[in-house]
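The following exercises are to be worked with the sequence and the coordinates at hand. Each consists of a task and a solution in steps.

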Amino acid sequence: MNLKKMFSSDDIGLLLNALQFAAVKHRNQQRKSEEVISYINHPIEVAVTLWEIGEIRETATLMAALLHDTLEDTDTTEIEIMEQFGEEVLHLVQEVSDDKNLPKQQRKLKQIETAPHKSIAAKQIKLADKTCNVHDIAYSPPCDWSLERRQEYLDWTAKVVAGLRGINLALETHYDVTLSHARAILADLIVQK
Ligand code: NDP
Ligand code: ZN
């Protein structure tokens, strides 16, 4: 493993606190897949993707990756994140969260429109998040989704990711490879139908 920066015990403590916070907040949630997968596996995968593929060593980015779905999908408030993890992490989590008050189609469109204007760290988290979701759409999709819906989802991620490029080539290449594998898997399923 390429350790570009030594992590202090403070950094490790912060990461463990973020992991524990996310685990408690997502404790009753599962991914939408047929196989039972605890929700917390997903933020962990996003953080590991940033670490291993993107070689991201910024503690705030890794913490925000662990927390990235807490505002959107749990009862977590901005004040809680601010008090426990500070302004920088809160700002990142806000940047990668949808406004749940908007109708779904508007939220989807807004992600495409706002992607190019996000901070570098938020772009990195979103790239890793989309990559993990594209992988899940291929290998452990939501059980009630048609092939058409899975394809539409892949197409939508490609539009969001178009606005996230130019900040981490390894993460972008990993997304591209994951997307083409996912498309190949769906194409095979269509042939088998
Ligand atoms: P949702 O936003 O409702 O669901 C996708 C999100 O769920 C992901 O972004 C991911 O977000 C989370 N998630 C949880 N479990 C999984 C999993 N196992 N695999 C992948 N993601 C998971 O999706 P939409 O309703 O927006 O549907 C996606 C596309 O399908 C859209 O482009 C829409 O236009 C289209 N659509 C098609 C329909 C059809 O019948 N043809 C009907 C409705 C929509 P996170 O990382 O935040 O957890
Ligand atoms: Zn996510």
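A salt bridge is here a side-chain nitrogen of Lys or Arg within 4 Å of a carboxyl oxygen of Asp or Glu. The model is predicted, and a search of the whole structure under this criterion finds seven salt bridges.

**Exercise 1. The salt bridges of lysine 25**

Task: Determine which parts of the chain are tied together by the salt bridges of lysine 25 with aspartate 75 and with glutamate 80.

Solution.

Step 1. Begin with aspartate 75, whose closest O atom lies 3.1 Å from the closest N atom of lysine 25, a salt bridge. Lysine 25 lies in helix α1 and aspartate 75 in the loop between α4 and α5, so this pair ties together parts that are 50 residues apart in sequence.

Step 2. Turn to glutamate 80, which meets the side chain of lysine 25 in a salt bridge with an N to O distance of 3.0 Å. Since glutamate 80 lies in helix α5 and lysine 25 in helix α1, the parts tied together are 55 residues apart in sequence. The two side chains also make a polar contact of 3.0 Å.

Step 3. Compare the accessibilities with the cut-offs: under 20% is buried, over 50% is exposed, and values in between are partly exposed. Lysine 25, at 17%, therefore counts as buried. Aspartate 75 has a relative accessible area of 60% and is exposed. Glutamate 80, at 23%, counts as partly exposed.

Step 4. List the contacts of glutamate 80. Not counting residues up to four places away in sequence, glutamate 80 touches Phe21, Lys25 and Asp75.

**Exercise 2. Arginine 31 and aspartate 136**

Task: Locate the two partners of the salt bridge between arginine 31 and aspartate 136, and state whether they are buried or exposed.

Solution.

Step 1. The side chains of these two residues, arginine 31 and aspartate 136, come to 3.1 Å, N to O. Arginine 31 is in the loop between α1 and α2 and aspartate 136 in helix α7, so that the pair links parts of the chain 105 residues apart.

Step 2. Both arginine 31 and aspartate 136 are buried; for aspartate 136 the relative accessibility is 13%.

Step 3. Beyond four places in sequence, aspartate 136 touches Arg31, His42, Glu45 and Pro141.

Step 4. For the salt bridges that share partners, return to the first exercise: they join Lys25, Asp75 and Glu80 into one network.

**Exercise 3. The zinc ion**

Task: Which protein atoms are the donors of the zinc ion (ligand 2), and what spacing do the donors follow along the chain?

Solution.

Step 1. The protein donors are NE2 of His42, NE2 of His68, OD of Asp69 and OD of Asp129, at 2.1 to 2.6 Å from the zinc ion (ligand 2).

Step 2. Along the chain, these donors follow the spacing H-x25-H-D-x59-D. Among them, histidine 68 in the loop between α3 and α4 and aspartate 129 in helix α7 are 61 residues apart and link distant parts of the chain.

Step 3. Histidine 68 and aspartate 129 are buried.

**Exercise 4. A buried lysine**

Task: Identify what surrounds lysine 130, which is buried yet has no salt bridge.

Solution.

Step 1. Lysine 130 is found in helix α7, which covers residues 120-139. The nearest side chain of opposite charge is that of aspartate 129, 4.2 Å away. The cut-off for a salt bridge is 4 Å, so a pair must lie within it to be counted.

Step 2. A polar contact of 3.0 Å joins the side chain of lysine 130 to that of glutamine 111.

Step 3. Apart from neighbours within four places in sequence, the contacts of lysine 130 are Gln111, Trp156, Thr157, Val160, Val161 and Tyr175.

**Exercise 5. The nonpolar core and helix α3**

Task: Describe the largest nonpolar core and the setting of helix α3.

Solution.

Step 1. This core has 49 residues, of which Leu50, Leu67, Phe85 and Val89 touch the most other members. The elements giving two or more residues to the core are α1, α2, α3, α5, α7, α8 and α9. The most comes from α7, with nine residues.

Step 2. Phenylalanine 85 is in contact with Asn17, Ala18, Phe21, Met63 and Leu67, leaving aside neighbours within four places in sequence.

Step 3. In α3, eight of the eight residues are buried, so the helix is largely enclosed by the rest of the structure. Its buried residues, including Met63, pack against α1, α2, α5 and α7.

Key: Residues numbered from 1 in each chain as written. Chains lettered and ligands numbered in written order. Predicted model: local features only at pLDDT ≥ 70, side-chain atom pairs only at ≥ 80, totals over all residues. Heavy atoms only, no water. Helix = DSSP H or I, 4+ residues; strand = E, 2+ residues; numbered from the N terminus. Buried < 20%, exposed > 50% of the residue type's maximum accessible area, 1.4 Å probe, protein only. Lys, Arg positive; Asp, Glu negative; His and termini not counted. Polar contact = N/O pair within 3.5 Å; in protein donor to acceptor, adjacent residues only side chain to side chain. Contact = heavy atoms within 4.5 Å. Core = buried A, V, L, I, M, F, W, Y, C linked by side-chain atoms within 4.5 Å. Donors = N, O, S within 2.8 Å, 3.2 Å for Na, K, Ca; no water.
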